[in-house]
Amino acid sequence: MPKKTKSKSQAKKKFSILKLIGIGLIVAVAAGAYYVYQSFIPVNADHPVFLIPENILIKTGKTADGHYEFGLQSSRGGKQLSKVGMTSPTLTVSKGNLVSFHIINEILNTSEEKSLHNFNIDEFNVHSKDLGYFDTQSITFLADKTGEFTYHCNIHPEMKGLLIIK
Ligand SMILES: [Cu+2]
């Protein structure tokens, strides 16, 4: 009965395709879940923290007198002041918060200098990569201690501001 055999093998083929799709889906879902799980791990912790992060949008820029600085992307609440000796605004967050910095480099390349900046808060293991013009990066950390910390670009020592956690 060759006919029956054929339909049987076809059914078998169909089944294995479905099985492959099923395995593919499981792998995709697992990879997605793993990614989401990873994204809940702050850079200064080894376990996920399930809190809604406080979002701080940071951009690079230049002060009126031509120094590099960080600034806030939103000017909501007026212009934040910076501490004497620092170009960039003082930021205040509450202890225990999960804080996400979203950094964008908006400084144009010039013929003399390629625009390259990074964002660091050493005490919290916050270190962005070197961001070229219009590159972005998001970094989430857990504000697990109070104090005054400096956020800075390690390419331009002048480019720094104060982060207060209270
Ligand atoms: Cu810089």
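**How do we know? A quick tour of this predicted model**

Q: What makes 22% of the 166 residues of the protein count as buried?
A: Being buried takes 20 or more other C-beta atoms within 10 Å of a residue's own, with C-beta atoms placed from the backbone (exposed is 12 or fewer, partly exposed is in between). By that test, 22% of the 166 residues count as buried. This is a predicted model, where local features need pLDDT of at least 70, side-chain atom pairs count only at pLDDT 80 or more, and totals for chains, interfaces and linings use all residues. Residues are numbered from 1 along each chain as its sequence is written.

Q: How many helices and strands does the protein have?
A: One helix and nine strands. Those are DSSP runs, numbered from the N terminus: H or I over at least four residues for a helix, E over at least two for a strand.

Q: Why is the protein called more spread out than a compact globule?
A: Its radius of gyration, taken over C-alpha atoms, is set against 2.2 Å times the number of residues to the power 0.38. That rule gives 15 Å for 166 residues, but the protein comes to 24 Å, well over it, so it is more spread out than a compact globule.

Q: What makes β1 and β4 a pair?
A: Two strands pair if DSSP finds at least two bridges between them. Strands β1 (residues 54-62) and β4 (residues 98-104) have six, in the parallel sense. As one bridge, Leu57 partners His102 in β4.

Q: Which strands are the edge strands of the open sheet β2-β1-β4-β7?
A: β2 (68-72) and β7 (136-142), since each pairs on one side only.
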